[in-house]
Amino acid sequence: MSTEPVLPFSVVSVVEDILQQQNTRTSDFKFASRKAEETSLRRYEAAGWLRKTVGVVGGKDLPAEPSEEAFRIGLRSGIILCNALNKIQPGAVAKVVEGPSDSVIIPDGAALSAFQYFENVRNFLVAVEEIGLPSFEASDLEQGGKSSRIVNCVLALKSLAEGKLGGRTGSGSLKYGQKPPTSVKPMLRKNSEPFMKSLWSMALVDKDGYTSDNSSCNDLGQDRPEGGSFSSLNSLVRQYLSDKKPEEIPIVVESLLNRVMEEFERRMQIQQETQVQQEPQVQQEPQVQREPQVQQEPQVQQETLKTTTQEDKTPSETEQSISKDASVDEVMEEKEDGEQLQDKQEECYDENSNNGDAEESNRFYLMQQSLVEQQSRIAQQSLVEQQRRIVQQNLVEQQNRSVREVKNIVLQTKSGMQFLQREYQKDMINLSKHLRSLAAAASGYHKVLEENRKLYNQVQDLKGNIRVYCRVRPFLGGQASQNSVVCGVEEGCMSLMIPPNSKLGKEGKKIFNFNKVFGSSSTQGEVFADTQPLIRSVLDGYNVCIFAYGQTGSGKTYTMAGPDNLDEDTIGVNYRALRDLFFLSDQRKDTIIYEISVQMLEIYNEQVRDLLAPEGSNKRYPFLIYLYYNTMIVDYFVP
Ligand SMILES: Nc1ncnc2c1ncn2[C@@H]1O[C@H](COP(=O)(O)OP(=O)(O)OP(=O)(O)O)[C@@H](O)[C@H]1O
């Protein structure tokens, strides 16, 4: 039954206090001074280890806490470095050229033996390279060189030496600052070592305030059974650092945590002093709180391991979900990478669990974090790469589909155009055939038309070139019907009553024959119907003359022109003949063009007078001229 004292303060409250103090005092100057201080601490550590390794005599040129310049000058001859290396690994530098027996610190710029200077340093650097430790340039030993690289090299030698003292072989295991065999680099901060050592020194302080060499507690990932409060703080620090990359842990945080450690240690000491005075009371109370802490911390650790396992597993699950679309080889490669990282973790974990060195624990912890982060990055990169590849494949497939659709449309359009071209050629061939047949028909039509005209005019000739029609005028208003001498009207003859004292004879009845007789009830249209065929003969080149003959008031003007009030029914032969001529001319305009002119003449008292002549000219023609005049319609007046 452990009897842990109950802390009157919580770890969180200490951290909060330190954070508050730190926030008020943080400045750039602090950062710079802190960094310089830690650089000096590293240099002192390197110098101290070299002096301890080569001995006081061999390391007389190197002060215990040298400045940067003194550190560089002390190591400039290469003797200390070569001797230290040979102590760790005998024969690493086959021959070390020693300086003068009474050598002292040679001022910078003073002439050294060139052989001594060059051979020792060169042999040391070659040996360091062969071992795989971080090296530096020979010029770093000169004025203005980078002494930090020399410090790194010496501290790596120190780690190698401590590893050998711990029973581990140098080959195949990672050392402090030693170059890893693969591209996976331990993401170790240079200034983390003092802090972690401070952290670890806290871990070795037991409840009584004594330092313990309990090697079972040398792993920061393990909890001390007696150090519940420190384990809580340790868990808190580890929890804070678990999701941070080494480069993301700023110096201020590291400084802050260091302050937390110091403050925590101080309060622990105060508490222990108080505990000595109130031991009976204090020894009972921690049992109540200590047990849950002891039980809780493994849970925290287990949860951390679970989280790590889940982080390891999540990319694998993601890979499995994506592997449907990815190639099998790529997924296998990624799984192999994950397994390799897992193996490295386990290897480092085993190695670290067997080593009691705090630096190794620190390095293991940071390296484990870097491995997990690297594994996550690899999984994320593969996920992003596979998604990008899927998107590219989808785009390519979509473009291919579009190209295929366009090709199909082009082919359909081309076939459609070819079909239309063939149809067009067929239509053109059929049209040419129709045109030829139409041309043949047209030529035949003209022949038929000519033949028709000839036949038509022959019919007119057979009917008679001279036709005589008789029209009986009806009685006008006020005339007695009993005075009419017309006693009979038939198709081709008319009967007249002969008065008794007439010169025509003693017969009482006289019959006259005509081509046709129109009675008093005949209309203007009936009279024109018999003369219309002669009008058409005019357009075929025949001469036609229609004239009316009769005494005054017999109805000549009415028959040829119409009454004073003209309408469609009462217009006479002249208007109807002219309308028919214009109609035929328009009907035949595609084949023949007619020029139509009109003359209106009056023959009165054997004088021919032009009725269309300008007013007052009173142009008269001899009657004989009229006989040869080619006219169609003449209203002939008999005096
Ligand atoms: N078929 C008819 N129906 C009705 N009225 C008619 C007809 N024929 C002639 N008339 C009328 O008889 C009258 C005389 O006719 P119209 O003037 O045509 O005779 P005319 O022969 O021309 O005389 P003139 O030789 O003096 O010129 C007119 O009033 C006319 O309207």
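Trainee: What makes the ligand lie between domain 1 (464-522) and domain 2 (523-639)?

Mentor: In this predicted model, both domains give residues to the shell around the ligand, so the ligand lies between them.

Trainee: Which residues of that shell come nearest to the ligand?

Mentor: There are 13 residues around the ligand, and the nearest are Arg473, Thr552, Gly555, Thr557 and Tyr558. Sorted by class, the shell holds six polar, five nonpolar and two charged residues.

Trainee: Now to the helices. Why is H4 called roughly parallel to H6?

Mentor: Helix H4 (residues 79-88) packs against helix H6 (residues 147-165) at an angle of about 20°, and their axes are 10 Å apart. Angles under 35 degrees count as roughly parallel, so H4 is roughly parallel to H6. Their crossing is left-handed.

Trainee: Which residues make that contact?

Mentor: H4 brings Ala84, Leu85 and Ile88, while H6 brings Leu157, Leu160, Ala161 and Lys164. By class, that is six nonpolar residues, one charged and no polar.

Trainee: And why is H13 called oblique to H15?

Mentor: Helix H13 (residues 524-539) and helix H15 (residues 573-587) pack at about 40°, again with axes 10 Å apart. Roughly parallel needs an angle under 35 degrees, and roughly perpendicular runs from 65 to 115. An angle of about 40° fits neither, so H13 is oblique to H15.

Trainee: What is the hand of the crossing of H13 and H15, left or right?

Mentor: H13 passes H15 in a right-handed crossing.

Trainee: Which residues of H13 and H15 meet there?

Mentor: From H13 come Val527, Phe528, Thr531, Gln532, Ile535, Arg536 and Leu539. They meet Val573, Arg576, Ala577, Asp580, Leu581 and Leu584 of H15. The classes in this contact are eight nonpolar, two polar and three charged residues.

Methods. Residues are numbered from 1 along each chain as its sequence is written. This is a predicted model: local features need pLDDT of at least 70, side-chain atom pairs count only at pLDDT 80 or more; totals for chains, interfaces and linings use all residues. Axes are lines fitted to C-alpha atoms, for helices over the stretch in contact, and angles run from 0 to 180 degrees between N-to-C directions. Helices (H or I, at least four residues) and strands (E, at least two) are DSSP runs, numbered from the N terminus. Angles under 35 degrees count as roughly parallel, over 145 as roughly antiparallel, 65 to 115 as roughly perpendicular and the rest as oblique. A crossing is left-handed if the near helix is turned anticlockwise from the far one by less than a right angle, and right-handed if clockwise. Two residues are in contact if their C-beta atoms, placed from the backbone, lie within 7 Å. Ala, Val, Leu, Ile, Met, Phe, Trp, Tyr, Cys and Pro count as nonpolar, Asp, Glu, Lys and Arg as charged, and the others, Gly among them, as polar. A residue is near a molecule or strand if its C-beta atom, placed from the backbone, lies within 6 Å of it. Domain bounds come from an automatic or database domain assignment.
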